[in-house]
Amino acid sequence: MRKHYIDNLRWIILLILIPYHTAQAWNVWGEPNYIFFEGNRLISSITVFFSPYFMPLLFVLAGISTKYALQKRTNKEYLIERAKRLFIPFLFGTIVFMPIMSYIADKFNCSYSEGFFQHYAVFYTRYTDLTGADGGFSVGQFWFLLYLLVISIVSVGVSVLMKKVISTTKKSIPFWFVFILGLPLPLLSEWLSIGGKSLVEYTYLFMMGYFVFADEKIISIADKNSWLLFGIGIVATILNVYLFIWADIEYILLNTITKYVSEWIMVIALIGLAKRYLSFNGKVSNYMRKRSFLFYIYHFIWVVLFQYLLYEICGNRTFIIFISTVLLSYFTTFVCCEISIRIPFLCLVTGTKYSPNM
């Protein structure tokens, strides 16, 4: 049976991306961005509130989905499906969307004055911090697809090596041990880190989904304790926001603790809550499940474009730009999803299954 709570939790988390990426334009810690205004602590708090756990949760969910996928596909079938689903959209997004976003960033942040087509030479020859904020080369949000492809390949190799152990071990790990499994996260966060995104950390989270959270007994206990865990996670998340954004004195150790407690506890809590409340399928959930991947593909370019245009129209009116960007980006992203899902070629290059009855 399809685990509808996994699908529903995934698309709900993905919807956060538009306000999350919109808020990054006002970050107060100086992170490069395609559009960068002056720092705003209130808006920056949106990013910091979600950042500890929303990407880790997506990798854990991917690990769970992989466990179930390999139960009905061979390793070869799974890897071919991953290549179509991830590698082709990665190339498409990097080649088609990223030059546009990088061009806008160069114009806004660096006062680039040449035309769009002339900027292609800049995009493909300027390799700096790989954020694209200075007009240089970047894979943007499509790093997630590349990481997921690499990790998926690794997971097949690990599953083959672990097959004998997994097939003979039928006893679930104790639930208390799940909390212990979160302890390595701070140590892994700097390993093979590109732009602050650790391939090792995300591989670990993916494997936790595959080996731990695909266990229904673990999920059932997480379900029973979900509200308690959610309360602990929210407290840690709010403390992390306060310490990182609002505190006048740096508490580096305490801030690190709250960040990783938020990350791991919120992952467990949200999966438990999803099991309890999102185990259903209906018109809305089915609609969003089929379009969630397209939403990820298309959302960021609209955020950047509307921030650029609205600044030209409205000037430095922070909250008007923020709210208008969020609303307009949701609308245009879903319009793109509706167009894309009806065109076979666009389905191919965005890793989406085409169906004439979408």
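These exercises walk through helices and single residues of the structure above.

The model is predicted, so local features need pLDDT of at least 70 and side-chain atom pairs count only at pLDDT 80 or more, while totals for chains, interfaces and linings use all residues. Residues are numbered from 1 along each chain as its sequence is written, and side-chain values use heavy atoms, with hydrogens and water left out.

**Exercise 1. Check the length of helix H13 (residues 226-246).**

Step 1. Helices are DSSP runs of H or I with at least four residues, numbered from the N terminus.
Step 2. The expected span is 1.5 Å times one less than the number of residues.
Step 3. H13 has 21 residues, so it should span 30 Å.
Step 4. The end C-alpha atoms of H13 are 29 Å apart, which agrees.

**Exercise 2. Find what the buried residues of H13 pack against.**

Step 1. Apply the burial cut-offs: buried is under 20% relative accessible area, exposed is over 50%, and partly exposed is in between (1.4 Å probe, protein chains only).
Step 2. Buried residues of H13 include Ser 226, Leu 229, Gly 233 and Ala 236. Thr 237, Asn 240, Val 241, Leu 243 and Ile 245 are buried too.
Step 3. Contact means heavy atoms within 4.5 Å.
Step 4. The partners are helices H3 (41-50), H9 (175-180), H12 (216-224) and H14 (252-277).

**Exercise 3. Describe how helix H5 (residues 75-110) and helix H7 (residues 143-161) cross.**

Step 1. Axes are lines fitted to C-alpha atoms, for helices over the stretch in contact; angles run from 0 to 180 degrees between N-to-C directions.
Step 2. The axes of H5 and H7 come within 8 Å and cross at roughly 170°.
Step 3. Sort the angle: under 35 degrees is roughly parallel, over 145 roughly antiparallel, 65 to 115 roughly perpendicular, and the rest oblique.
Step 4. H5 and H7 are therefore roughly antiparallel to each other.
Step 5. The contact residues divide into 14 nonpolar, 3 polar and 1 charged. Here Ala, Val, Leu, Ile, Met, Phe, Trp, Tyr, Cys and Pro count as nonpolar, Asp, Glu, Lys and Arg as charged, and the others, Gly among them, as polar.
Step 6. Among the residues that meet are Asn 75 and Tyr 78 in H5, and Leu 145 and Val 160 in H7.
Step 7. Val 160 and Asn 75 are 85 residues apart in sequence, and 9.0 Å apart in space, C-alpha to C-alpha. At 49% relative accessibility, Val 160 counts as partly exposed.

**Exercise 4. Do the same for helix H15 (residues 283-314) and helix H16 (residues 318-340).**

Step 1. The axes of H15 and H16 lie 6 Å apart, at an angle of about 140°.
Step 2. H15 and H16 are therefore oblique to each other.
Step 3. The contact of H15 with H16 has 18 nonpolar, 8 polar and 2 charged residues.
Step 4. Ser 329 sits in H16. Ser 329 is buried, with a relative accessible area of 0%.
Step 5. Leaving out residues up to four places away in sequence, Ser 329 touches Ile 18, Trp 302, Val 303 and Phe 306.

**Exercise 5. Place Ser 111 and Leu 130, which have a positive phi although neither is a glycine.**

Step 1. Most residues other than glycine have a negative phi.
Step 2. Ser 111 has a phi of about 60°. Ser 111 lies in the loop between H5 and helix H6 (116-123). At 60% relative accessibility, Ser 111 counts as exposed.
Step 3. Leu 130 has a phi of about 65°. Leu 130 lies in the loop between H6 and H7. Leu 130 is partly exposed, with a relative accessible area of 41%.

How values were computed: Helices (H or I, at least four residues) and strands (E, at least two) are DSSP runs, numbered from the N terminus.
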